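Biologist: I would like a close look at one part of this model, please: a single pair of packed helices. Do set the pair in its surroundings afterwards.

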Amino acid sequence: MENSRIPVLDPGLERSHSSLDESRRTYNMNINVSPSTRSTFGSRHNSYSDYGDLEGAQIKSSRSPSGQHGSFKWSFELSHSRKVSLGKFGSVNSVSALDMIASGLDVQHIPYYDLFVRNLSYKVTVKTQEGPIRKTLLNNISAEAFHGQILAVVGPSGSGKTTFLDALAGRISLRSLDGAVYANSETIDESFKRLSGYVMQDDALFPMLTVRETLLYSARLRLPGDMSDAEKRMRVENMINQLGLKQCADTRVGNEKIRGVSGGERRRVSIGSDLIHDPPVLFLDEPTSGLDSSSALNVMENLQMMAKTGKRTVVLTIHQPSYRILDTISRVLVLARGNVIYHGFHPGLKLHFESLGHTMPEHVNVIEYALDTIEEYQRSPEGLEPLVRLQLANKKAEDMEKSNDGIHTEDENFQIDPQPQYATSVVSEICVLSSRNLRNIMRTPELFLSRAGMMLVMALTLGTLFLRVKKDQDGVRQRTSFISFTLALLVFTSVEAMGTFLQERQIFIRETSRGAYRASTYVISGALVMLPFLMILAIIYSSVAYFMVGLVPEAGPFFFFTLIVFLVLVMANSLVSLVSGMVPNFTVGNSLCSAIIAYFFLFSGFFIDRGSIPKYWIWLHYGSLIKYPFESLLTNEFGHIDGIWYDNVDSNTILSQLSAGKVHQWLSILVMLIFIVGYRIAFWLVLKYFTKSIRK
Ligand SMILES: Nc1ncnc2c1ncn2[C@@H]1O[C@H](COP(=O)(O)OP(=O)(O)OP(=O)(O)O)[C@@H](O)[C@H]1O
């Protein structure tokens, strides 16, 4: 992308007088506007107050020079304290801010970002029957989005609305884009991504959490670690009020299967959880899709209010906005097949099309009319060409006018604030994510209880099949089979854990794409939360099966057996998590996991002893996650029962026949721990580098 700096206009403003009148709680300023600056006031900004963007004070009088130079007065009344917040608007504000500080005001700067898109193009390579071709998804787009306003991107289906939004939101690799996107005067980069929020079309939320809990977890992850929990809770309550969610604050979010809040409310929860950290720029992909007209209007009014009061820049895509929704939108960008058809205030659309000889019927929604006209052109032999040409001609005239007036809308004085990569520390992320995981598990006890029930049934089944084994040749075979089937059942029944991650994947992508937390803390918290549950499962299985079968009746071997069962469950869970990070859906994941586990079994040493495995397959024997628990459990059993078993065969002989000798049990545990850590690291790498929503 182009990285040139944009030239900036010397504001040419001079202050001739300023004062703070404590008794009347007013602040006054006289400003002289030089001839070279006048048109700045006449075009983009309507009055000096637009530069001020005051919060904590009420503008009393602000006389706009409206394209004239000369002197004008500006004053405001303090509402509560001496504290006022100013927008970041270049040297104009720097002059006034310094002046206000000198007069005794406590001036804060709020970061505002205006977006300037310049000649943005995006092409992808598409495979066709005739071979690969380059398809243009965005063609030379220029547009602006200002703080405090909503820019709505409209157009027929497939016109490139989502692609445009993705390009602005940093969801398309910058290397693949031609042209430039500036936030104030800086080209956007990773840092900009972190100060913007992105609300996807699908509401990826945890169905079992309530609205308040969802927003609170989002606040704890996205707001700075040094902010107190009470402040975070207050922010959540404000957000609930702002979004009109008070009625359903303690209702579960729900989804298609679980009864929860309404579609419109869910949409607002999504918006709230991406806005809780108060990003100055917000992108929303079809925030009103799937909503009835009143919910859609409600969402848009909330967004308009947020844009205005929080001075946020809102860019969203929308399909056919109603009359009332149009009132909430400041400017529109009409796209068709990746081209700009119109950019500006929506009432201007009528005039725009009239210049081509069309007449807009009375009482017709201007956007609907525009979309219908575009459809007509798309179907006509000349295609969109006349519309694109008209827009280019208008833009050229507009640019000329601006350059004659010496207007440069971008300002070099304000740059993107350096953003910390993550809001909170690793430890805090682990705590919040673990707490959220735990709450989700507790809210779905049936999942754990069914797994525990399955363990019990498995233990009883194997327990009765191998009931009270003897110390003879049959007993050796039965013990070996019991250990082997135990491992098979433990590992195969772990595959069901895959569903959890696959369900959460969209949430993970949504949250991490805006830097809510690290992939590593997600992996660690996921593993930590599972440990107590897996331990309970291991205890249930061991305490029933071990004594029914009649394995070594000593405490040491029993606890060792339980420990191995636990580690096998953890190992299988880690493997399944890794596979779930790599596959597109449960069916593929299930088949892949089953195939991997079957291979691990085949090469574990139970079916084919190590000596009989061909050399070129031996790596699979050592890579098998079953081999180590299998050998250590055999040693645990036969190593503790001395004496002759049958026909002069003792424990050592049995062990060497089964698994080439007694293994060092603690070494096996170490290897199992290495497997667990290895799978988790691989899972983290997959999440970090491959589970991204960035388009190339
Ligand atoms: N990776 C891609 N490869 C090829 N074509 C693509 C790719 N991504 C998007 N497109 C095409 O680009 C065009 C614009 O897609 P986009 O999703 O931006 O449209 P849209 O205006 O948001 O559509 P809708 O209103 O239906 O959501 C479509 O024709 C789409 O098929």
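Modeller: With pleasure; the helix pair comes first, then the record, then the domains. A word on the ground rules: residues are numbered from 1 along each chain as its sequence is written. The model is predicted, so local features need pLDDT of at least 70 and side-chain atom pairs count only at pLDDT 80 or more, while totals for chains, interfaces and linings use all residues.

Two packed helices are described by the angle between their axes and the distance between the axes. Your pair is α19 (residues 555-582) and α20 (residues 586-602), packed at about 135 degrees with axes 9 Å apart. Helices (H or I, at least four residues) and strands (E, at least two) are DSSP runs, numbered from the N terminus. The axes are lines fitted to C-alpha atoms, for helices over the stretch in contact, with angles from 0 to 180 degrees between N-to-C directions. α19 and α20 are therefore oblique to each other; angles under 35 degrees count as roughly parallel, over 145 as roughly antiparallel, 65 to 115 as roughly perpendicular and the rest as oblique. Their crossing is right-handed, meaning that the near helix is turned clockwise from the far one by less than a right angle.

On the α19 side, Val576, Val579 and Ser580 make the contact, and on the α20 side Gly589, Leu592 and Cys593 do. Contact here needs C-beta atoms, placed from the backbone, within 7 Å. These residues divide into four nonpolar, two polar and no charged. Ala, Val, Leu, Ile, Met, Phe, Trp, Tyr, Cys and Pro count as nonpolar, Asp, Glu, Lys and Arg as charged, and the others, Gly among them, as polar.

Now the record. An unreviewed UniProt entry lists transmembrane regions, including 555-576 and 588-608; such annotations may be inferred rather than shown by experiment. Another listed region is 522-549, a span that is 100% helix and 0% strand, with its end C-alpha atoms 40 Å apart.

Stepping back, an automatic or database assignment gives domain 1 (13-110), domain 2 (111-195 + 281-420), domain 3 (203-278) and domain 4 (426-689). Domains 2 and 3 have C-alpha centres 29 Å apart, and 11 residues of domain 2 are in contact with 10 of domain 3. On the domain 2 side, β13 (281-284) and α9 (293-310) each supply at least two residues. α9 gives the most, with six residues. That side divides into six nonpolar, five polar and no charged residues.

How values were computed. Contact = placed C-beta atoms within 7 Å.
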